[in-house]
Amino acid sequence: MRKFISLILVGIIASGITLSLLKIPFGTPKTKVGNYYLNKGIEQTGAVNIVTSVVLNYRGFDTLGEVTVLFIAALGLGMVTLTFKREKREIQPSSFILSVGSRFLFPFILLFGTYIFLHGHLSPGGGFQGGAIIASGFLLIYLGCKREINEKRFKLTESLAGLVFLIIGLMGLYFSGYFLFNFLPKGVANTLFSAGIIPLIYIAIGFKVGAELAGIINDLMEEK
């Protein structure tokens, strides 16, 4: 039975590779929406990165849902870890090289993460990617210096960032009748101060994602 299933899978994979090499069309592609984004995206949103214009403007409500999912995941993990028994332990110091290296790299990692979400409307990247990079910096400082994060500050940052996201979206609803409508001036394309509300949203998402992921890392790293 296993051999039969394996042959079927190999046949499917081989057929896919053969058809892709022969470039056999499977029908007329539906590209009207894609073409609209490509042709109108920069004009309507001011974002050179078309993916950003789709994620934060045309489908901004979906992005709010993604941020909510991440928040629920962090909340669920926190509730699960609360059921574990916490034990006090003595934290062993890291080696001198690891400790100094972590402290040296930490601000550069934060700077790079900030650069990623500030330039999300100009180049590949954005709030989720920048926030993940920032969280990796806190993971490094935890491993290298054995220092835990301040949970209250990070929860406050996460809450304020989410509130900023909602306020910007509701302001768009107030000014135009659409949630997350790009009501600010678009500026000049290919410049940092452009794309209207999109950089502001990416800043909020960057801080929110960074705070949530850092909190998750802190919960997982603690010994129960």
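**Figure 1. The whole chain, an all-helix arrangement.** The protein chain in this predicted model has eight helices and zero strands. Reading along the sequence gives the pattern α-α-α-α-α-α-α-α. The chain has 224 residues, and 34% of them count as buried. If you like thinking in contact maps, here is a handy number: among the contacts in the protein chain with a separation of 6 or more, 70% are accounted for by residues 24 or more positions apart.

**Figure 2. A close-up of the largest pocket.** Welcome to the part of the model that a docking grid might bring to mind. The largest pocket holds about 420 Å³ of space. Its lining has 20 residues, and the closest to the pocket centre are Ala74, Leu75, Gly78, Lys155 and Asp219. Which helices each supply at least two residues of this lining? They are α4 (60-82), α7 (151-176) and α8 (198-221). Helix α4 gives the largest share of the lining, with seven residues. By class, the lining of the largest pocket divides into nine nonpolar, five polar and six charged residues.

**Figure 3. Glu158, a buried acidic side chain on α7.** This view moves to a single residue, Glu158, which lies in helix α7. Is Glu158 buried or exposed? With a relative accessible area of 11%, Glu158 is buried, because that value falls under the 20% cut-off. Once its neighbours within four places in sequence are left aside, Glu158 is in contact with Phe71, Lys208, Ala211 and Glu212. If you are setting up this view yourself, those four partners are the side chains to display alongside Glu158.

**Figure 4. Helices α5 and α6, side by side.** Here the two players are helix α5, residues 96-118, and helix α6, residues 127-145. Their axes come within 8 Å and cross at roughly 170°. Angles over 145 degrees count as roughly antiparallel, so α5 is roughly antiparallel to α6. Sorted by class, the contact of α5 with α6 has 15 nonpolar, ten polar and one charged residues.

**Figure 5. The enclosed cavity and its lining.** How many cavities of 30 Å³ or more does a search of the whole structure find? The search finds one. The largest cavity has a volume of about 50 Å³. Around it you can pick out Ala135, Phe138, Leu139, Ile141, Tyr142, Arg147, Ile149, Ala214, Ile217 and Asn218. Helices α6 and α8 each supply at least two residues of this lining, and α6 provides the largest share, five residues. The lining of the largest cavity has eight nonpolar, one polar and one charged residues.

**Figure 6. Leu180 and Asn190, two positive phi angles in one loop.** Most residues other than glycine have a negative phi. Against that background, this close-up shows two residues worth a look. Leu180 is not a glycine, yet it has a positive phi of about 65°. Asn190, also not a glycine, has a positive phi of about 70°. Leu180 is found in the loop between α7 and α8, and Asn190 has its place in the loop between α7 and α8 as well. Their surroundings can be compared through accessibility. Leu180 counts as buried, at 1% relative accessibility, whereas Asn190 is exposed, with a relative accessible area of 58%.

**Figure 7. Ala204, a buried alanine of α8.** Ala204 is found in helix α8 and counts as buried at 6% relative accessibility. Which residues does Ala204 touch, not counting those up to four places away in sequence? The partners are Ala161, Val164 and Phe165. A distance to try in your viewer is the one between the C-alpha atoms of Ala204 and Thr157: these residues are 47 residues apart along the chain, and the two atoms are separated by 9.5 Å.

**Figure 8. Gly41, a buried glycine of α2.** The last view takes us to helix α2, residues 32-45, where Gly41 has its place. Gly41 is buried, and its relative accessible area is 0%. Leaving aside neighbours within four places in sequence, Gly41 is in contact with Tyr36, Gly46, Ile50 and Tyr58. Tyr58 also serves for a distance label: Gly41 and Tyr58 are 17 residues apart in sequence and 9.1 Å apart in space, C-alpha to C-alpha.

Technical notes
Residues are numbered from 1 along each chain as its sequence is written. This is a predicted model: local features need pLDDT of at least 70, side-chain atom pairs count only at pLDDT 80 or more; totals for chains, interfaces and linings use all residues. Side-chain values use heavy atoms; hydrogens and water are left out. On a 1 Å grid over the protein atoms alone, a cavity is a set of points where a 1.4 Å probe fits but cannot get out, and a pocket is an open set with protein on both sides within 12 Å along at least five of seven lines; lining residues have an atom within 4 Å of a point. Grid points are joined across faces, edges and corners, and a volume is the space filled by probe spheres set on the points. Helices (H or I, at least four residues) and strands (E, at least two) are DSSP runs, numbered from the N terminus. Ala, Val, Leu, Ile, Met, Phe, Trp, Tyr, Cys and Pro count as nonpolar, Asp, Glu, Lys and Arg as charged, and the others, Gly among them, as polar. Buried means under 20% relative accessible area, exposed over 50%, partly exposed in between (1.4 Å probe, protein chains only). Contact means heavy atoms within 4.5 Å. Axes are lines fitted to C-alpha atoms, for helices over the stretch in contact, and angles run from 0 to 180 degrees between N-to-C directions. Angles under 35 degrees count as roughly parallel, over 145 as roughly antiparallel, 65 to 115 as roughly perpendicular and the rest as oblique.
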